[in-house]
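Got your viewer open? Let's take a walk through this one, one selection after another.

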Amino acid sequence: MDRFKDKYGHLVTKTKIREILSNYYFDDIVFSFEKIDSGYENINIIIKIGVKKFVPRIYNDKQYGRVKRDEKHLLYELNFLNYLSENNIPVARINKTIDGALFSKTQLGDHNLFVILFDFIYGKEINKFNKEKIEDMAKWMARIHKLTFDYKPNYIREKDGSLNYYNWWQDSEMKKQRVKDKDISNAYLPIINYYQQYINPDTVKRFPILQIHTDLHQGNLCFINNKLSGIFDFDDTRHSIIPEDLGMFFHVLFKKGHRKACKRKVDTFFQSYEKVRNLTRQEKQMALCYALEKRYQGRYFEAYHDEKDGKLTKELKQYYLDYTKRFKLLNSLIKEYS
């Protein structure tokens, strides 16, 4: 699947960046820049002006390729970011335009696109979470969740956000988007049916709804030593339940390690989180179910598109099958909170 930046990234030249910066600086300025390759949805660039770094982000025209971006859609994200920043959560600060706006616009091809100028977050992306990093991340997530209970946005982007993946699955059923390969179907469908017993319209309504990040994987986090230095990419923020936020992070923690190691990571996280905010047993169990959802549903549809596009090689098929081997381990953790 082609990335937005692969289609339009070549149009982001130094001249284009200078044009964008003219919305933020009265004078012509000297700068250097480099494009960030990671990510599908948007185009991100690191620019350096003197000794300071910034990240201009050019948003694509449709989120997920289907939801049209308008001003309300964007401000839902930006106002939440400002709220967190004002309450000392380590997120990227938004730079206002000369006219005092939170965003500017630029033309790429036929698209008139939103642009945000963020401060650069210093620190490193990491591949492995040790005990200290898990503890620090848990405390920050608890602070955000506790803080966000009091946050009331002017507009809600997606009122049933906690069912985003569930609705995605129902929509795919109507469109008959199913993997035909029997081995992959037999490996994935029982897992998907299993976690949907927990994540469905009847169960999510038992939990309070609030605005969360929803995409807290290591690619959206920076650390300095063992301390979180920044959370970024709030593009997927929506109204959902706390277990979904936890579930995405657990999805990262569970990628490697035997059962004892995974259990230790979960216990470390919960103990640190609960120093700030208590969790019910139901929230803990649901968080682990969301980890399953994040882990397996995306992979299933990747397999669907690979098969549809004629790219499902023998090696790739084996990759998808091997990916399901950790289900038994993860399910055993869920059962501890039943």
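A quick term before we start: a residue is called buried when its relative accessible area is under 20%, exposed when that is over 50%, and partly exposed in between. Keep in mind, too, that what you have on screen is a predicted model.

**Stop one: a tyrosine pair across the chain.** Select Tyr296 and check its surroundings. Its relative accessible area is 0%, under the cut-off, so Tyr296 is buried. Now add Tyr188, which also comes out at 0% and therefore counts as buried. Their two rings make an edge-to-face aromatic pair, with 6.1 Å from centre to centre and 75° between the planes. Tyr188 sits in helix H6 (residues 182–195) and Tyr296 in helix H10 (residues 281–308), so this pair ties together parts that lie 108 residues apart in sequence.

**Stop two: the cluster around them.** Keep those two on screen and add Tyr165, Trp168, Trp169, Tyr300, Phe301, Tyr319, Tyr320 and Tyr323: together with Tyr188 and Tyr296, they form one aromatic cluster. Pick out Tyr319, which you'll find in helix H11 (residues 314–323). Is Tyr319 buried or partly exposed? Its relative accessibility is 35%, so Tyr319 counts as partly exposed. Try a distance from there to Ala303: the two are 16 residues apart along the chain, and their C-alpha atoms are separated by 9.8 Å.

**Stop three: a serine.** Go to helix H5 (residues 164–174) and click on Ser172. With 0% relative accessibility, Ser172 counts as buried. What does Ser172 touch, once you leave aside its neighbours within four places in sequence? Its contacts are Gln177, Arg178 and Phe301. You've met Phe301 already, as one of the members of the aromatic cluster.

**Stop four: another pair of rings.** The whole model has 28 aromatic pairs. For one of them, select Tyr76 and Tyr155: the ring centres are 6.2 Å apart and the planes meet at 85°, so this pair is edge-to-face. Tyr76 belongs to helix H3 (residues 71–86), while Tyr155 is in the loop between helix H4 (131–148) and H5, so the pair ties together parts 79 residues apart in sequence. Tyr76 has a relative accessible area of 3% and is therefore buried. Tyr155, at 26%, counts as partly exposed.

**Stop five: charges over rings.** Show the side chains of Lys14 and Phe31. The charged end of Lys14 sits over the Phe31 ring, 5.2 Å from its centre. Then jump to Lys53, whose charged end sits over the ring of Phe120, 5.0 Å from the centre.

**Stop six: a hairpin.** Switch to a cartoon view and find strand S10 (residues 221–224) and strand S11 (residues 227–231), which pair in the antiparallel sense over four bridges. Select Cys222 and look across: its bridge partner in S11 is Gly230. Two residues lie between the strands of this hairpin, and Asn225 takes a positive phi near 55°.

**Last stop: helix H8.** Select residues 242–253. How many of the residues of H8 are buried? The answer is 12 of its 12, so mostly covered is the right description. Among them are Ile242 and Leu253, along with Met248, Phe249 and Phe250. You can check the length as well: at 1.5 Å a residue, the 12 residues should span 16 Å, and the end C-alpha atoms are 17 Å apart, which agrees.

Key: Residues numbered from 1 in each chain as written. Predicted model: local features only at pLDDT ≥ 70, side-chain atom pairs only at ≥ 80, totals over all residues. Heavy atoms only, no water. Expected span 1.5 Å × (residues − 1). Buried < 20%, exposed > 50% of the residue type's maximum accessible area, 1.4 Å probe, protein only. Contact = heavy atoms within 4.5 Å. Pairing = 2+ DSSP bridges. Phe/Tyr/Trp six-rings, centres within 6.5 Å; stacked < 30°, edge-to-face > 60°. Lys NZ or Arg CZ within 6 Å of the ring centre and 35° of its normal.
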